[in-house]
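Grab a coffee and work through these exercises with the model open beside you. Each one sets a task, then walks through a solution.

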Amino acid sequence: MCAALGRAVFTGKLSGLAGQSLHPIEPLILSQARTTFSLLVLLPILVGAGGWRRIKLPRPDLMQCLVLGILGVAVSNYFYYVAIQRTNVAIAIIVQYTAPVWVLLYVVARRQQKLTLQKVAAVGIALTGVVLAIGIVGGARAFHLDSYGLSAAIVASFSFAFYNVGGHSILSRHDRWRVLVWTLASASAFWMVVSPPWKIAAAHYDGGNWVFLFVFSMLSVLGPFSLYFLGLQYLEPTRAIIASCLEPVFSILLAAALLGEGVRPIQSLGIVLVLAAIVIVQLPGRGTATAERVVVEPIE
């Protein structure tokens, strides 16, 4: 849903959906607001519930969260929204969701997992499914491929893979709320340097813009991130990231409903393949009684 909302606010279609005129919002402001608002809501709740000890982390893990917040959350968010702005939801999300390939190659190269036929098949089916779902083949209309937008989507995919691997590592040692609050704090501090308050004030956003940014932050960060981090605590990075391939499916359906993008039969086939990949990747491997676990170690 948030991908479709982002596209709508970049293209001016959000005004029609919301029934009022809204000032255009740039990807940087959208990325900055979603992390900052989420931090401002989450931090008082955690500190109020258990004091500062509730979010305290050892220095090495704190530094890992800071890196994860900048190179993972901030970079992935920003370039993903740039890709949505410069191309469209479909192109941005399909390129970002090549991340399972990079995660799989990383964990296999590190000998943290064995390269099994089941894993390769699941990744291949998932990627094939999202390719079909966005209508690249099968006579769908041509995409407006912007080189900068496409490059941004590729950067977002590497960043997405990075915080999946790093997130799994640190979540093996700490609960998701500590990790989430420090990654949000890191991303927010980074954006504060890149885009200080006086630059934001110069944009003259009105009340409607700020309401949208707050609601967007709650819908796109706190709920999804906490649930996704919870999944990373119990799933290998490759499995968690493939399960999250449901996002392109829902994004395409919402784009069809809200932005007028039709869903063709071959796109429906892609949706079925994504769902099939999620089932396959959750099946236990041959000869294994329990799921493999990624080796727990600090991120490079």
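**Exercise 1. Decide whether Gln 85 is buried, partly exposed or exposed, and find its company.**

Step one: Gln 85 has 27% relative accessibility, so it counts as partly exposed. The cut-offs are under 20% relative accessible area for buried, over 50% for exposed, and partly exposed in between, using a 1.4 Å probe and protein chains only.

Step two: place the residue. Gln 85 sits in helix H4, residues 59-86. Helices here are DSSP runs of H or I with at least four residues, strands are runs of E with at least two, and both are numbered from the N terminus.

Step three: look for contacts, meaning heavy atoms within 4.5 Å. Skip the neighbours within four places in sequence, and Gln 85 touches Arg 7, Phe 10, Glu 26 and Pro 27. Also check Gly 6: 79 residues separate it from Gln 85 in sequence, yet the C-alpha to C-alpha distance is 8.0 Å.

A word on the ground rules: this is a predicted model, where local features need pLDDT of at least 70 and side-chain atom pairs count only at pLDDT 80 or more, while totals for chains, interfaces and linings use all residues. Residues are numbered from 1 along each chain as its sequence is written, and side-chain values use heavy atoms, with hydrogens and water left out.

**Exercise 2. Sum up the whole chain: how many helices and strands does it have?**

Step one: count the elements, and you get 14 helices and zero strands.

Step two: check burial. Of the chain's 300 residues, 48% count as buried.

Step three: look at sequence range. Take the contacts with a separation of 6 or more; residues 24 or more positions apart make up 88% of them.

**Exercise 3. Test the length of helix H9, then see how it begins and what it buries.**

Step one: the expected span is 1.5 Å times one less than the number of residues. H9 covers residues 176-194, so its 19 residues should span 27 Å, and the end C-alpha atoms are indeed 27 Å apart.

Step two: go to the start of H9. There, a side-chain oxygen of Asp 175 comes within 2.9 Å of the backbone nitrogen of Trp 177. That's a polar contact: a pair of N or O atoms within 3.5 Å, where within protein one must be able to donate a hydrogen and the other to accept it, and residues adjacent in sequence count only if both atoms are side-chain atoms.

Step three: list some buried residues of H9, among them Val 179, Leu 180, Leu 184 and Trp 191. Thr 183 belongs to H9 too, and is buried at a relative accessible area of 1%. Its side chain reaches the backbone oxygen of Val 179 at 2.9 Å.

**Exercise 4. Describe how H5 and H8 cross, and which residues meet there.**

Step one: get the geometry. The axes of H5 (residues 89-96) and H8 (residues 147-171) come within 7 Å and cross at roughly 40°. Axes are lines fitted to C-alpha atoms, for helices over the stretch in contact, with angles from 0 to 180 degrees between N-to-C directions.

Step two: assign the hand. This crossing is right-handed: the near helix is turned clockwise from the far one by less than a right angle, whereas anticlockwise would be left-handed.

Step three: name the partners. From H5 come Ile 91, Ala 92, Val 95 and Gln 96; from H8, the residues include Leu 150, Ile 154 and Phe 160. The contact residues divide into eight nonpolar, two polar and no charged. Ala, Val, Leu, Ile, Met, Phe, Trp, Tyr, Cys and Pro count as nonpolar, Asp, Glu, Lys and Arg as charged, and the others, Gly among them, as polar.

Step four: follow Phe 160 to Pro 100. They are 60 residues apart along the chain, with C-alpha atoms separated by 9.1 Å. Pro 100 is in H6 (residues 99-109) and is buried, at 1% relative accessible area.

**Exercise 5. Find what stands out about the phi of His 204.**

Step one: recall the background. Most residues other than glycine have a negative phi.

Step two: read the value. For His 204, phi is positive, near 55°.

Step three: locate the residue. His 204 lies in the loop between H10 (197-201) and H11 (207-234), and is exposed, with a relative accessible area of 65%.
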